[in-house]
Amino acid sequence: MKLTITAFERSPDGGRGLARDMQVRWALEEVGQPYDVRLISFAAMKQPPHLALNPFGRIPTYEEGDLALFESGAIVLHIAERHAGLLPDDANARARAIAWMFAAYSTVEPPILERATAVILERDAPWHDKRLPLVDDRIRKRLGELSRHLGDSDWLDGDFSAGDLVMVAVLRRLLRSGLLNEFPNLAAYVARGETRPAFKRAFEAQMAVAMAAANG
Ligand code: GTB
């Protein structure tokens, strides 16, 4: 069945794979599911046709037959539940992999998003220079905890799973901050995710969109 996702027509990250269609593309590549991409402008995201797919006027969305989904986590979980390769067969291991998806989005990511807000939107605020180190310390706390859990393992819980996919995508938001390099096992973990052929295909596909936008 034809499957279509939405992505930025012009991604503010210039193709660094930081917008959340990346998670969805990567999951689809991992399970070998072909997909179409409908590129969408910021203005079109706020118009009724897109709001019917995502009430919050954001990407990514996912359409497959009469199913329309939003929220990258829900989309990745949907893909992982319907195709082999992203969730273990064992019920308990499967539950733990899903827990790691939630951990990525609701425990690890919040201070990382706070940092993005601080750096992008609050740079000129008089309190910016005082606030950033506080945010960075909150990130360090989470990274320290995650680093301790990961230890010398390749992945968070056994084989690579949807939990790793989402966690690596979340951690990639820190690539330019220098914070990840304070935790060498986490930097290696992210690099390990990035070397997966499915990641590379997804990255190249979204980079091609950014290149076309830059040249067009
Ligand atoms: N919780 C939702 C999900 O996971 O799907 C969040 C979706 C979301 O934030 N979408 C963003 C969006 O559509 C794009 S990914 N924004 C448009 C708007 O709000 O008007 C977030 C994002 C944007 C840009 C970068 N970047 O440039 O580095 C990284 C991540």
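1. Let's start with a charged pair close to the beginning of the chain numbering. Asp 36 and Lys 2 make a salt bridge, and their closest N and O atoms are 3.6 Å apart. Asp 36 belongs to strand β2 (residues 36-40), while Lys 2 is in the segment before β1 (3-8), so the salt bridge ties together parts that are 34 residues apart in sequence. How exposed are the two partners? Asp 36 is partly exposed, with a relative accessible area of 35%, and Lys 2 is exposed, at 60%. Keep in mind as you read on that this is a predicted model.

2. That pair has company: the count for the model comes to 17 salt bridges. Another one to look up is Asp 157 with Arg 96, whose side chains meet at 2.6 Å, N to O. This pair links distant parts of the chain, since Asp 157 is in the loop between α6 and α7 and Arg 96 is in helix α5 (residues 91-121), 61 residues apart. Both ends are partly exposed: Asp 157 has a relative accessible area of 29%, and Arg 96 comes in at 40%.

3. Now go to helices α5 and α6. Arg 131 forms a salt bridge with Glu 114, with the closest N and O atoms 3.4 Å apart. Arg 131 sits in helix α6 and Glu 114 in helix α5, 17 residues apart. Arg 131 counts as partly exposed at 23% relative accessibility, and Glu 114 is partly exposed too, at 25%. Which residues share in the network around this pair? Salt bridges with shared partners join Glu 114, Glu 122, Arg 131 and Arg 138 into one network.

4. Next, the domains. The chain is divided into domain 1 (3-85 + 198-215) and domain 2 (91-196). Notice that domain 1 is written as two stretches. The domain centres, taken over C-alpha atoms, are separated by 21 Å. Where the domains meet, 19 residues of domain 1 are in contact with 19 residues of domain 2. Together they bury about 1,700 Å² between them, 60% of it on carbon and sulfur atoms. How many salt bridges are counted between domain 1 and domain 2? The count is two. Have a look at Arg 20 and Glu 109 as well, a salt bridge with its closest N and O atoms 3.0 Å apart.

5. Helix α1 (residues 21-31) deserves a careful look. Is this helix mostly covered or mostly open? Mostly covered: eleven of its eleven residues are buried. Charged residues are on that buried list, including Asp 21, Arg 25, Glu 29 and Glu 30. Take Glu 29 as an example. At 18% relative accessibility, Glu 29 counts as buried because the cut-off is under 20%. Leaving out residues up to four places away in sequence, Glu 29 touches Tyr 35, Ala 198, Arg 201 and Ala 202. Just after α1, Gly 32 takes a positive phi of about 75 degrees.

6. Helix α1 also brings us to the aromatic residues. A pair of aromatic rings is described by the distance of the centres and the angle of the planes. The model has seven aromatic pairs. In one of them, the rings of Trp 26 and Phe 160 have centres 5.8 Å apart and planes at 35 degrees, so the pair is tilted. Trp 26 is in helix α1 and Phe 160 is in the loop between α6 (128-150) and α7 (162-171), 134 residues apart. Both are buried: Trp 26 has a relative accessible area of 0%, and Phe 160 has 9%. The two belong to one aromatic cluster with Trp 155, Tyr 189, Phe 199 and Phe 203.

7. Two arginines lie over rings of that cluster. Arg 192 lies over the face of Trp 155, at 6.0 Å from the ring centre. The charged end of Arg 196 sits over the ring of Phe 160, 3.7 Å from its centre.

8. Finally, some backbone details. A cis peptide bond joins Ile 59 and Pro 60, with omega about 0 degrees, and Pro 60 is in the loop between α3 (48-51) and β3 (61-64). Glu 71 has a phi near 75 degrees, a positive value in a residue other than glycine. You'll find Glu 71 in the loop between β4 (67-70) and α4 (72-82), partly exposed at 47%.

Conventions
Residues numbered from 1 in each chain as written. Predicted model: local features only at pLDDT ≥ 70, side-chain atom pairs only at ≥ 80, totals over all residues. Heavy atoms only, no water. Phe/Tyr/Trp six-rings, centres within 6.5 Å; stacked < 30°, edge-to-face > 60°. Helix = DSSP H or I, 4+ residues; strand = E, 2+ residues; numbered from the N terminus. Buried < 20%, exposed > 50% of the residue type's maximum accessible area, 1.4 Å probe, protein only. Lys NZ or Arg CZ within 6 Å of the ring centre and 35° of its normal. Domains from an automatic or database assignment. Contact = heavy atoms within 4.5 Å. Buried area = accessible area lost by both parts, 1.4 Å probe. Salt bridge = Lys/Arg side-chain N within 4 Å of Asp/Glu carboxyl O.
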